[in-house]
Amino acid sequence: MFEHKAAEHHWQASIACHQEQYKIQGDIMKTTFNRLRHLMLHAGVMAFGLALSAGAQAFPDKPITLLIPYPPGGSADMLARPIAAQMQKTIKQPVVLEYRPGAGGTIATAQLARSKPDGYTVLMVLAAHAINPSMYKSLPYNTEKDFAPVSVLATLPMLVTAAKQTPANTTQELIDYAKANPDKLTFASAGNGNTSHLAAELFKSATNTKMVHVPYKGSGPAVVAMLSGEVSLMFDSISTSLPHVKAGKLKGLAVTGTKRSAVLPDVPTVAESGVPGFAVNGWYGILAPAGTPEDVVQQLNKAFNDAAQTPAVRQQLTQFGYEIEGSTPKQFADLITAEIKKWKTAVDQSGARIE
């Protein structure tokens, strides 16, 4: 009996010992499993983060097309070339300029509105972008809703230039001749509804003169017409007319800004020349299609602004009268909204319209 109880006690002790061992092993396995699970989850989070980071850094991984709404040789082209050349050094991808002139910039703008919103097609717009909603009866896009503003790059005053054959050497002489000879003077523009067109219309309204409008597909061809004497005068971006004025091939009568230009300090403003309060400044900015991801817009903003602010690029552009600006996307959006309102008033006052 005693031996039986001793054996039973030994058996129970053995079971308890094994249970304790199993418990310890189970705790070890549980702890190991939890650690492995934690490590796997941590590795997964890191891998996901790296994937996101790689995705964010992937743009751009192919060439970017920069649409130019006017022909080569104009003020938009002169601004775009050095900025694009500098920009592709930093983003390590080509920036290809594609010229789509015509219809006051609306052909290129409509193309952008139809483009895929991935940041690989962008457009350089001028102040005419804010004028066109008032100038045209209808547009194939919504000026404020179909685009994602990227940045304002630069501003540029205009220069009132006259052909060598034009019988006026000052703004006042131009006004006097135009009043004495209604519709005898012709003025070129970079296209219907362009800033160069509307600035002249505002000038006509302010001076009560009559002149005939001759539109061209960009300021480049318009300046060529000026040099040949085909037209009498033009309100042109200072950048494209400046070399010809300095060479004595065109007459620089006045600048349209609120102050004289540093590159032509001896040329007065229109306001100084007998037309008080007259002021027109051009601006240049970059748009992407609406729906472009915010991070891509921000990357484009940085790339364009950094390129424009590069000392060599800035020096090259300021010698032609450009004033390098730079802005946030929101600031550019606000500018467009304000400019649309301002130019609508100006268009209504001038009576200029394009069907």
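## Helix pairs, salt bridges and a buried strand residue

Glu 201 and Lys 204 sit 3 residues apart in helix α6 (residues 195–207), which means about one helical turn separates them. Their side chains meet in a salt bridge, with N to O at 3.4 Å. A salt bridge here is a side-chain nitrogen of Lys or Arg within 4 Å of a carboxyl oxygen of Asp or Glu.

Keep in mind that this is a predicted model, where local features need pLDDT of at least 70, side-chain atom pairs count only at pLDDT 80 or more, and totals for chains, interfaces and linings use all residues. Residues are numbered from 1 along each chain as its sequence is written, and side-chain values use heavy atoms, with hydrogens and water left out.

**The overall picture**

The chain's secondary structure adds up to 11 helices and 10 strands. Both are DSSP runs numbered from the N terminus: helices are H or I with at least four residues, strands are E with at least two. Of the chain's 355 residues, 49% count as buried. Buried means under 20% relative accessible area, exposed means over 50%, and partly exposed is what falls in between (1.4 Å probe, protein chains only). Among contacts in the chain with a separation of 6 or more, 78% come from residues 24 or more positions apart. Contact, throughout, means heavy atoms within 4.5 Å.

**Salt bridges**

How many salt bridges does a search of the whole structure find? It turns up 8. Besides the pair in α6, one joins the side chains of Lys 342 and Glu 339, at 3.1 Å from N to O. Lys 342 and Glu 339 are 3 residues apart in helix α11 (residues 329–350), so about one helical turn lies between them. Asp 348 also pairs up with Arg 353, with the closest N and O atoms 2.7 Å apart. Bring in Lys 344, and you have a network of salt bridges linking Lys 344, Asp 348 and Arg 353.

Here is how accessible these partners are:

| Residue | Relative accessible area | Class |
|---|---|---|
| Glu 201 | 12% | buried |
| Lys 204 | 16% | buried |
| Lys 342 | 41% | partly exposed |
| Glu 339 | 8% | buried |
| Asp 348 | 38% | partly exposed |
| Arg 353 | 46% | partly exposed |

**Two helix pairs**

Two packed helices are described by the angle between their axes and the distance between the axes. The axes are lines fitted to C-alpha atoms, for helices over the stretch in contact, and angles run from 0 to 180 degrees between N-to-C directions.

The helices that carry some of those salt bridges also pack on each other: α6 and α11 meet at an angle of about 55°, with 9 Å between their axes. That makes α6 and α11 oblique to each other; angles under 35 degrees count as roughly parallel, over 145 as roughly antiparallel, 65 to 115 as roughly perpendicular, and the rest as oblique. Their crossing is left-handed, and the rule is that the near helix is turned anticlockwise from the far one by less than a right angle for left-handed, clockwise for right-handed. On the α6 side the contact uses Thr 195, Leu 198, Glu 201, Leu 202 and Ser 205, while α11 brings Trp 343, Ala 346, Val 347, Gln 349 and Ser 350. Sorted by type, the residues of this α6–α11 contact are 5 nonpolar, 4 polar and 1 charged. Nonpolar covers Ala, Val, Leu, Ile, Met, Phe, Trp, Tyr, Cys and Pro; charged covers Asp, Glu, Lys and Arg; the others, Gly among them, are polar.

Now for helix α2 (residues 75–91) and helix α9 (residues 294–309). They pack at an angle of about 120°, with axes 8 Å apart. So α2 and α9 are oblique to each other, and their crossing is right-handed. From α2, Ile 83, Gln 86, Met 87 and Ile 91 meet Leu 300, Ala 303, Phe 304, Ala 307 and Ala 308 in α9. The residues of this α2–α9 contact split into 8 nonpolar, 1 polar and no charged.

**Inside the chain**

Helix α3 (residues 106–114) has Thr 106, Ala 108, Thr 109, Ala 110, Gln 111 and Leu 112 as its buried residues. These pack against β1 (64–68), β2 (95–99), β3 (121–126), α4 (128–135), β4 (147–163) and β9 (281–289).

Is Leu 253 buried or exposed? With a relative accessible area of 4%, Leu 253 is buried. Leu 253 belongs to strand β8 (residues 250–255). Thr 171 is 82 residues away from Leu 253 along the chain, but their C-alpha atoms are separated by 5.7 Å. Leaving out residues up to four places away in sequence, Leu 253 touches Val 160, Ala 162, Ala 168, Asn 169, Thr 170, Thr 171, Leu 174, Val 267 and Pro 268.
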